[in-house]
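Q: Please take a close look at one charged pair in this structure, and then place that pair in the setting of the whole chain. I am new to the structure, so a connected account would help.

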Amino acid sequence: MRRGIAATALVAALGVTLAACGSDDGNAGGTNGSGELSGTVTWWDTSTVGSEDKVFKKVAEDFTKKHPKVTVKYVNVPFGEAQNKFKNAAQSGSGAPDVIRSEVAWTPEFADLGYLAPLDGTAALKNEGDFLKQAAASTKYNGKTYAVPQVIDSMGIFYNKKIFKEAGVEVPKTIAELKTVSAKIKEKTGKTGLYLRGDDAYWFLSFLYGEGGDLVNADSKTVTVDNAAGVKALTTVKDLVDSGAAKTDATDGWNNMQTAFKEGKVAMMINGPWAVADTYAGKEFTDKANLGIAPVPAGSAGQGAPQGGHNLAVYAGSKNLPASYAFAEYMTSAETQGKIATELSLLPTRESVYIKPEVASNEMIGFFKPVVDKAVERPWIPETGSLFAPLVTEYTKVLTGQTTPDKGAKATGDAYRKLLKDWK
């Protein structure tokens, strides 16, 4: 969405106001007379509760070993709520965290709204050249840096090796093979081949990219989700459900999918590195070797998987910017990323971390790194995070038979053109 002069001025004024009023969490601080950091840093983390959050909380609180006079207040905010919760808090100037774990698509939106502090020339950015290029791309907006890359990811097929062995099948490399493999798994074991999450449009992107499609073309300011490739991708996922190759859901998709896979009720699911720790907690994967991961099956245009990940961004209205910058640097440092990669199999955003022996030997990271290298970047525009709401509505309707693929694609495209008012 192109902003007019009045809107741009309003955002600029709001950014100044936020920086002046700050949050009301009592986190005033900075440096004492000796230059030592002090005060409180409130961090909103969005990682998975019960697995990732425990590790992130401990690592975050260990920041005080380097800066004893700084208190880290760790808050886990559900991922699905964090984007709007942060915008509401930042807009009101009350209750926003000093640092937020921002999904890559949120960063340009928050920056465009004036809610993030520019990080160029601050302590938050250290050894900038060490970051993966595609990870760093999502932190930039209008020529400035508004976040530091924390983790990067993509998606693959998780599969149960025991079920595959029982059914006598190999990992599918194409959509056609996926249907054939699922049919044989059903025949031999009585289990469903694939659990296809139906309440989150991010899980649709691999199919869209696999048909050569995309949500929009930012260079030409064109909406593309409703072109032939978009319709074909929706047709593909609908056929997987209708044929019995996959089961799906309209609500609580994450828990339904994880439970079904961890208990051995389905043989496959599409997921990313963030799901590894939780998946290992399932009874089917007490022996971790039973978990296999392979590239998402290719569509007619090839294999496609989205680039995802998270950045750490500093709130423009923070009362403790010095400590917040230092915290963002610490949480994205090579040392910290090495710990996170080792314990959670999450992919680092720094090149130097991949050569650490404990990271280089991690099987999951070894698989996902080449996938990430070829992953499709989303457009880094302020509206990217808002593109998923209209898409998930129609995606769910298509999967559950409430609309057709062509009508679902058209409705999504129409919604995009209302959001992106000067786009074709």
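A: The starting point is E103, which counts as buried because its relative accessibility is 9%. The model is a predicted one. E103 belongs to strand β4, residues 99-103. Its side chain forms a salt bridge with R378, and the closest N and O atoms of the two are 2.8 Å apart. R378 sits in the loop between α16 (363-374) and α17. The two residues are 275 residues apart, and the pair links distant parts of the chain. R378 is also buried, because its relative accessibility is 3%. Both ends of this salt bridge are therefore buried, E103 at 9% and R378 at 3%.

The pair belongs to a wider set, as the structure holds 22 salt bridges. Another one joins the side chains of D242 and K238, with 3.2 Å from N to O. Here both partners lie in helix α10, residues 228-242, and they are four residues apart, about one turn of the helix. An α-helix has 3.6 residues a turn, so residues three or four places apart point the same way. D242 counts as exposed, with 51% relative accessibility, where the cut-off for exposed is over 50%. K238 counts as buried, at 17% relative accessibility.

A further salt bridge is formed by K262 and D278, whose closest N and O atoms are 3.2 Å apart. K262 lies in helix α11 (residues 253-262) and D278 in helix α12 (residues 276-280), so this pair ties together parts that are 16 residues apart in sequence. K262 is buried, with a relative accessible area of 17%. D278 is buried as well, at 13% relative accessibility. Salt bridges can also be joined into a network, and one such network links K58, D62 and K65.

A charged residue may also be buried without such a partner. E52, in helix α2 (residues 52-61), is buried yet has no salt bridge. The nearest side chain of opposite charge to E52 is that of R101, 4.7 Å away. A salt bridge needs the nitrogen and the carboxyl oxygen within 4 Å, so the distance of 4.7 Å does not qualify. Leaving aside residues up to four places away in sequence, E52 touches S47, W274, L344 and L346.

Between L344 and L346 in the sequence comes S345, which lies in the loop between α14 (334-344) and α15 (357-360). S345 has a positive phi of about 60° although it is not a glycine. S345 is buried, with a relative accessible area of 8%. K221 likewise has a positive phi, of about 50°, and is not a glycine. K221 is found in the loop between β10 (216-217) and β11 (222-223). K221 is partly exposed, with a relative accessible area of 27%.

Two helices add to the picture of buried parts. Helix α17 covers residues 388-399 and includes T396. T396 is buried, with a relative accessible area of 13%. Not counting residues up to four places away in sequence, T396 touches G198, D199 and A250. Helix α13 (residues 321-331) is mostly covered, with nine of its eleven residues buried. Among the buried residues of α13 are Y325, F327, E329 and M331. At the N-terminal end of α13, N320 acts as a cap: one of its side-chain oxygens lies 3.4 Å from the backbone nitrogen of A323.

The whole chain gives the setting for these details. The chain has 18 helices and 15 strands. Its radius of gyration is 22 Å, close to the 22 Å that the globule rule gives for 424 residues, so the chain is as compact as a globular protein of that length. Along the principal axes, the C-alpha trace spans about 75 × 50 × 35 Å. Of the 424 residues, 58% are buried, and E103 is one of the buried residues. Among contacts with a separation of 6 or more, 75% are between residues 24 or more positions apart. The salt bridge of E103 and R378, 275 residues apart, likewise links distant parts of the chain. The chain exposes about 16900 Å², and carbon and sulfur atoms supply 53% of that area.

Definitions and conventions:
Residues are numbered from 1 along each chain as its sequence is written. This is a predicted model: local features need pLDDT of at least 70, side-chain atom pairs count only at pLDDT 80 or more; totals for chains, interfaces and linings use all residues. Side-chain values use heavy atoms; hydrogens and water are left out. Buried means under 20% relative accessible area, exposed over 50%, partly exposed in between (1.4 Å probe, protein chains only). A polar contact is a pair of N or O atoms within 3.5 Å; within protein, one must be able to donate a hydrogen and the other to accept it, and residues adjacent in sequence count only if both atoms are side-chain atoms. Contact means heavy atoms within 4.5 Å. Lys and Arg count as positive and Asp and Glu as negative; His and the chain ends are not counted. The radius of gyration is taken over C-alpha atoms; the globule rule is 2.2 Å times the number of residues to the power 0.38. Accessible areas come from the Shrake-Rupley method with a 1.4 Å probe; for residues, only the protein chains shown count as cover.
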